[in-house]
Amino acid sequence: MTGFDTMVLSHLPGVMRSLVFALLFMHVSSVAHGAAQCSSRSYGETFSLMRNRLLTSGYSTLQADFLMRNADQRISALSSAKLNDAAKPCGIESARARVLACAEKVLFPLQGSKASLDVTGQTSAWGKTQLARRELLFIGSFGACLETAKKHMFHG
């Protein structure tokens, strides 16, 4: 876990932090074990589903746009040239879709009160200095899934 991940988690209440750790280990490991499985959805479809899921889960349009724009930038940096042998048959779009599908699996079992997730704090990430807990949850979940994908589906 990076220093940023620790910083993100330190802003969450203790019970929620424990739940995040448990869910991350449970769901993120499924990406590692299923690395050779192709995504049944395209990246574009997965992207749209994730954005809609954020909006229907209490994220504002500004928050959803901010998070999805930054997630897309990071996912777009994943190169098909670096796919490992297990991931090559599925292709880059599948690998990219799996990162968002992983983040969705990790993030949405978390159910908390809207008020507690909307509390903001002075935390800097992705070029923004005021982040709500729900934004930090997305960023942390997404980051864990992205790093797991890089480790298990890409070289280098």
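The following conversation asks why certain terms apply to this predicted model.

User: Why is Leu 131 called buried?

Analyst: Buried is the word for a residue with under 20% relative accessible area, and Leu 131 has a relative accessibility of 1%, so Leu 131 counts as buried. This residue has its place in strand 2, which covers residues 128–132.

User: Which residues does Leu 131 touch, if those up to four places away in sequence are not counted?

Analyst: Leu 131 touches Phe 66, Val 119, Thr 120, Gly 121, Thr 123, Ser 124, Ala 125, Leu 136 and Ile 139. For one of these, Val 119, there is also a distance, since Val 119 and Leu 131 lie twelve residues apart in sequence and 8.3 Å apart from C-alpha to C-alpha.

User: What makes helix 3 and helix 4 roughly antiparallel?

Analyst: Two packed helices are described by the angle between their axes and the distance between the axes. For helix 3 and helix 4 the angle is about 150° and the axes are 9 Å apart. Angles over 145 degrees count as roughly antiparallel, and therefore helix 3 is roughly antiparallel to helix 4. Their crossing is right-handed.

User: Which residues make the contact between helix 3 and helix 4?

Analyst: Helix 3 contributes Tyr 43, Phe 47, Met 50, Arg 51, Leu 54 and Leu 55, while helix 4 contributes Thr 61, Ala 64, Asp 65, Met 68, Asp 72 and Ile 75. Sorted by kind, the residues of this contact are eight nonpolar, one polar and three charged.

User: Why are helix 5 and helix 7 called oblique to each other?

Analyst: The axes of helix 5, residues 92–107, and helix 7, residues 133–153, come within 8 Å and cross at roughly 140°. An angle must be over 145 degrees to count as roughly antiparallel, and 65 to 115 degrees to count as roughly perpendicular; the value for this pair meets neither condition, so helix 5 and helix 7 are oblique to each other. The residues making their contact include Val 99 and Leu 107 of helix 5, and Phe 138 and Phe 142 of helix 7. This contact divides into 14 nonpolar residues, one polar and one charged.

User: Which residues have the most contacts inside the largest nonpolar core?

Analyst: This core has 37 residues, and those with the most contacts inside it are Met 50, Leu 54, Val 99, Trp 126, Phe 138 and Phe 142. Helix 3, helix 4, helix 5 and helix 7 are the elements that give two or more residues to the core. Leaving aside neighbours within four places in sequence, Phe 138 is in contact with several residues, among them Met 50, Leu 54 and Trp 126.

Conventions: Residues numbered from 1 in each chain as written. Predicted model: local features only at pLDDT ≥ 70, side-chain atom pairs only at ≥ 80, totals over all residues. Heavy atoms only, no water. Axes fitted to C-alpha atoms, helices over the stretch in contact; angles between N-to-C directions. Helix = DSSP H or I, 4+ residues; strand = E, 2+ residues; numbered from the N terminus. Parallel < 35°, antiparallel > 145°, perpendicular 65-115°, else oblique. Contact = heavy atoms within 4.5 Å. Nonpolar A, V, L, I, M, F, W, Y, C, P; charged D, E, K, R; others polar. Buried < 20%, exposed > 50% of the residue type's maximum accessible area, 1.4 Å probe, protein only. Core = buried A, V, L, I, M, F, W, Y, C linked by side-chain atoms within 4.5 Å. Left-handed = near helix turned anticlockwise from the far one by under 90°.
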